Structure formats: structure tokens, C-alpha cells
Amino acid sequence: MSRKIIFFDADGTIVKGNNMSKLTVEAFRRLKENGHILVLSTGRALPAIDGVLKEMDFGNIICSAGGAVVRNNEVVYTNPMTKESKKNILKYLDEHKVVYNMEANDYIWIKKGDKEKYLRLFKVPNKESVSAEEYKKAVEILDKVSKRTMEIEDPMEIDINKIHYYEADMLYDEGSCPISYDKIVGDLGDKYKCVQLSLSKKFSGGEICEKGTSKKTGMDVILDHFKIHKENIYAIGDDYNDIEMLEHATTSIAMGNSPEVVKKLAHYVTEDIDNDGFYYAMKHFGLI
């Protein structure tokens, strides 16, 4: 079997929450045995590559949806926003009272005073309502997220790769996000790249970054190094920020839980994440 390179998304593709199924773990074991090159390609910032994703020790990572690239465990590429872009976008989001974070290679940065709101996404359930194991896990996740999240008074002092804004009702004391994705695209889309996310109602929202930043950009950094033949490039994902990655691959795979627009552009649609779509896609193409 010739050596392939496989670019794969994280959330909704190989992990759900912080869990990876046994069959997905088995797929990676066999992919490594077969000598294929594995590249995690995620919207997550580098500090959020934790839990099972860190344990898998992929080594090659496209993070912040192309804002930074890790090759052989070293950061080899980063494309931080200009100060002008940061100033314009953050002013816009602040004026509309939108909750957001700023993704860097060291921390997830939050506007001073908003960390408490952001951590509501990781609220620990009532101890009596869940098992002792579930409660312990929730406490550990909250602690981990809190430690990687830092407040900052002046964002002009840091380099950030991407801004992630949130629509979840629980973040807004008024009861809902005060602005829609369509409004954001209408106001900012001419100058900046705005991508909607469909992960879940809880983590819905979108990404804003410089135009030209994408998972495709990160793929090119990786491909320039490994020199893989075009016919051996595979990609699998499930969300809008995977579109350019799927279009750039010779063989593209959409998860069964993907939005319809993502499914339509892929060469193959596999099972959803709850039914081990990643494993069965690798098996379908004879990679394992």
C-alpha cells in the first residue's frame, strides 16, 4: 500500500466532547501501523489540544483553522492577525456585546471581565444529578479550561490567530446573542473571513480571521514538507470550517453529522460520529 496523508478534523469527526470511541482509536492504531501520515486539522487553538487529542500524540497539527501549524511537534507556521484587524473586529464585537475569545499559541485570551461568562459553557452539574465519575470529569474539564484561559485588558499586546465568538444563550444575561451570523457576515465579511460553526447549540457561533487563513493554508505547509503525491491526499471533516480542506484534498470525506452543504461537496459520506464514521471511512478506502 502506498503511503497516504490523512487530514482529519477533531470535534464532530474523531471526538465528541472529550471522548474518542474505541473504534476510532483502533483506526488510528492501524493507520500508524500502515505507515500513513496523520494530520490533526482543527479549529481548536493549540492550547485546547488536550485530553485524548494530546494523548494521541499526533505530532502534525493544523490548529486555529489554519492560523498555526505544528509539524513533528514544532510550531513551523503562524499567521497572526494584524493590529488593525484586531482593533476593528474587537471594537465591532464589543459594541454589539458579543462574547468571544482570542486564540493564540500560548493561551485562550478573554476580554477582561468576560471569563466568568465564557466558563458557563463548562458549568459543573449538580453533584446529586450525575454519577461520581461524571462529576469528577466535569470538575477536571472546568479546571483545565480555566487554566488555559487568560483575561487581558489590552489585546493589542498579544498575537492572536483567530477570534471565536459564541451564540449560546447561557452566555448572555439578556437571554440570547444580540447579533446573528448573517449580520456579522454582512458587516465584516468583505474584509475578514467569517465562518459559521454548527458543532452544537452550546458551542455554536463562528470564527473570524484574516482572509486567506484556512485549513487549506495549513495543508500546504504540511504538504510542502512531506511531498506526498496528489492522489494520496485524503481529508475528512464535518463542519463549515472544513470546506476548504475537503476541496483541497484529492479524496474528501464528510461525516454523516455534517451540514448538507458539506456532504454535497465531499466525494464520500460516511456514518456519523456516534456510529464510528471515521473508522468506517478509513476501512471503506482500504486505509486500514
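A residue counts as exposed when its relative accessible area is over 50%, and as buried when that area is under 20%. Keep these two cut-offs in mind as you look through the close-ups below, which come from a predicted model.

**Figure 1. Lys227 and Asp57 are two loop residues with a positive phi.**
Start with Lys227, which sits in the loop between α7 and β12 (233-237). Its relative accessible area is 63%, so Lys227 is exposed. The phi angle of Lys227 is about 55 degrees, although Lys227 is not a glycine. Now look at Asp57, in the loop between α2 and β3. Asp57 has a relative accessible area of 52%, so this residue is exposed. Asp57 is not a glycine, yet its phi is positive, at about 50 degrees.

**Figure 2. Asn60 is a buried loop residue.**
Here we are in the loop between α2 (51-55) and β3 (61-63), where Asn60 lies. Asn60 has a relative accessible area of 7%, so it is buried. Which residues does Asn60 touch, not counting those up to four places away in sequence? They are Ile37, Leu38, Val39, Leu40, Val70, Arg71, Asn72, Ile222 and Phe226. Look for Asn72 among them: its backbone nitrogen lies 3.0 Å from a polar atom of the side chain of Asn60.

**Figure 3. Phe226 belongs to helix α7.**
Helix α7 covers residues 215-226, and Phe226 is part of this helix. Leaving aside neighbours within four places in sequence, Phe226 is in contact with Ile5, Ile37, Asn60, Arg71 and Asn72. For a sense of scale, find Glu128 as well. Phe226 and Glu128 are 98 residues apart in sequence, and their C-alpha atoms are 52 Å apart in space.

**Figure 4. Pro80 sits in a loop between a strand and a helix.**
The strand is β5 (74-78) and the helix is α3 (83-95). Is Pro80 buried or exposed? Neither word fits, because its relative accessible area of 29% makes Pro80 partly exposed. Pro80 touches Asp159, Ile160 and Asn161, not counting residues up to four places away in sequence. Gly67 is 13 residues from Pro80 along the chain, and the C-alpha atoms of the two are separated by 6.8 Å.

**Figure 5. Six strands form an open sheet with mixed pairing.**
Reading across the sheet, the order is β8-β7-β6-β9-β11-β10. The edge strands, β8 (149-152) and β10 (192-197), each pair on one side only. On average, neighbouring strands of this sheet are turned by 30 degrees against each other, direction ignored. Strands of a sheet pair through backbone hydrogen bonds, either parallel or antiparallel. Zoom in on β7 (residues 108-111) and β8: this pair runs parallel and is joined by four bridges. Within this pair, Lys111 stands opposite Ile152 in β8. Helix α5 (residues 132-148) lies across β7 and β8, and runs at about 40 degrees to β8.

**Figure 6. The largest pocket has a volume of about 1,100 Å³.**
How many residues line the largest pocket? The lining has 45 residues, and those nearest the centre of the pocket are Asp11, Gly17, Arg44, Phe122 and Phe203. β6 (100-103), α5 and β9 (162-166) each supply at least two residues of the lining. The largest share, seven residues, comes from α5.

Notes
Residues are numbered from 1 along each chain as its sequence is written. This is a predicted model: local features need pLDDT of at least 70, side-chain atom pairs count only at pLDDT 80 or more; totals for chains, interfaces and linings use all residues. Side-chain values use heavy atoms; hydrogens and water are left out. Buried means under 20% relative accessible area, exposed over 50%, partly exposed in between (1.4 Å probe, protein chains only). A polar contact is a pair of N or O atoms within 3.5 Å; within protein, one must be able to donate a hydrogen and the other to accept it, and residues adjacent in sequence count only if both atoms are side-chain atoms. Contact means heavy atoms within 4.5 Å. Two strands pair if DSSP finds at least two bridges between them. Axes are lines fitted to C-alpha atoms, for helices over the stretch in contact, and angles run from 0 to 180 degrees between N-to-C directions. On a 1 Å grid over the protein atoms alone, a cavity is a set of points where a 1.4 Å probe fits but cannot get out, and a pocket is an open set with protein on both sides within 12 Å along at least five of seven lines; lining residues have an atom within 4 Å of a point. Grid points are joined across faces, edges and corners, and a volume is the space filled by probe spheres set on the points.
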